[in-house]
Amino acid sequence: MKTSKTGPRLKKPGGEGLLRASPFLLPSLIGLAIFYLAPMVVSIFISLTDWNGLDRLFADGFMQEHFIGLDNYKAILTSQEFWKVLKNTLTYIVLYLPLMMTVSLAVASLLSQQRRGVGVFRVLYYIPVLTSWVAASLIWKSILAPQYGAMNNILAFFGIEGPGWLLDEKWAMPAIVLVSVWKDMGFFGLILLSGMVGINRTYYEAAEIDGAGAWTRFWKITLPLLTPAIFYVLIVSLINSFQLFPQMPDVYAQTVLIAIIIRTPDSIADGIIGHDMPPVFCQLAQQGQLCSRQRQCFSIGQADNGIVQV
């Protein structure tokens, strides 16, 4: 007589299992509701009003007095500043993503080599990630200085006249992208490095026996097996880039604004610094204000394209 041995049947999740799991899920669900869902709902509600930030949100008669429907959205879509900010953000993303990915892959490839002292270089490449934007802005303010900066001195050594970088409306965005890549390459390079280290070495040994070169091994083995890490890096970097949207006003106008602040009396400069300016620009402006006390008169006008003219 045959007897079939079967294991215990798994019960389908139902109300009883959910009830048992509720005490463990409740702290996370409460935090999600309070810190994510509730602010999201309130933000959508506020966007439909002209609330001034002082009146009570849920006072009697609030909706009759402050409700304006979709007028705020219409004002944004018809605002030139919104489209200018969006253009600057998209320009930043188009320049930043390919350069950051290329540099991060190069850094990860170099640091994945099993050579003596590679651990020291891994630490050195990660230092910019730990550096605050305040310190980074001071470093790059000196490097990108038009007259005495290290970048322009290197270009002058090869007979190339360096631009004004942050003070030049054509080179302001590339300069910001350059600083951002320098700041982020250690973090994303470390993620790609962890993916490279996890690749089985037997693939490389087999390819080397077949006569595959370094580029062929990278293109045929490393890159395909590194796809999950690359996808993660692209998604995270894209999200971080779009989060710069509120910090991307008219970059070209701000490059001129910094030049104005550097030579403006303290009483005027104090009112300008920090008003809708990205952190890097704000730090550069503050340093310029502290280091230079030139009192000069400026003629400031508004050009047709919305860029402040000096």
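A surface patch here is built from residues with over 30% relative accessible area and no salt bridge (a side-chain nitrogen of Lys or Arg within 4 Å of a carboxyl oxygen of Asp or Glu), with nonpolar side chains (Val, Leu, Ile, Met, Phe, Trp, Tyr) joined within 5 Å and like charges within 9 Å. This is a predicted model, in which local features need pLDDT of at least 70, side-chain atom pairs count only at pLDDT 80 or more, and totals for chains, interfaces and linings use all residues. Residues are numbered from 1 along each chain as its sequence is written, and side-chain values use heavy atoms, leaving out hydrogens and water.

**View 1. A nonpolar surface patch of about 1000 Å².** Its members are Leu18, Leu25, Leu26, Leu29, Ile30, Leu32, Ile34, Phe35, Tyr36 and Leu37. Areas come from the Shrake-Rupley method with a 1.4 Å probe, and for residues only the protein chains shown count as cover.

**View 2. Isoleucine 34 in helix α1.** This helix covers residues 15-47; helices (H or I, at least four residues) and strands (E, at least two) are DSSP runs, numbered from the N terminus. Isoleucine 34 counts as partly exposed because its relative accessibility is 49%, with buried meaning under 20%, exposed over 50% and partly exposed in between (1.4 Å probe, protein chains only).

**View 3. Phenylalanine 242 in helix α11.** Helix α11 takes in residues 227-242. Phenylalanine 242 is partly exposed at 41% relative accessible area. Leaving aside residues up to four places away in sequence, Phenylalanine 242 touches Thr89, Leu90 and Ile93, where contact means heavy atoms within 4.5 Å. Tyrosine 92 sits 150 residues from phenylalanine 242 in sequence, yet 9.3 Å away in space, C-alpha to C-alpha.
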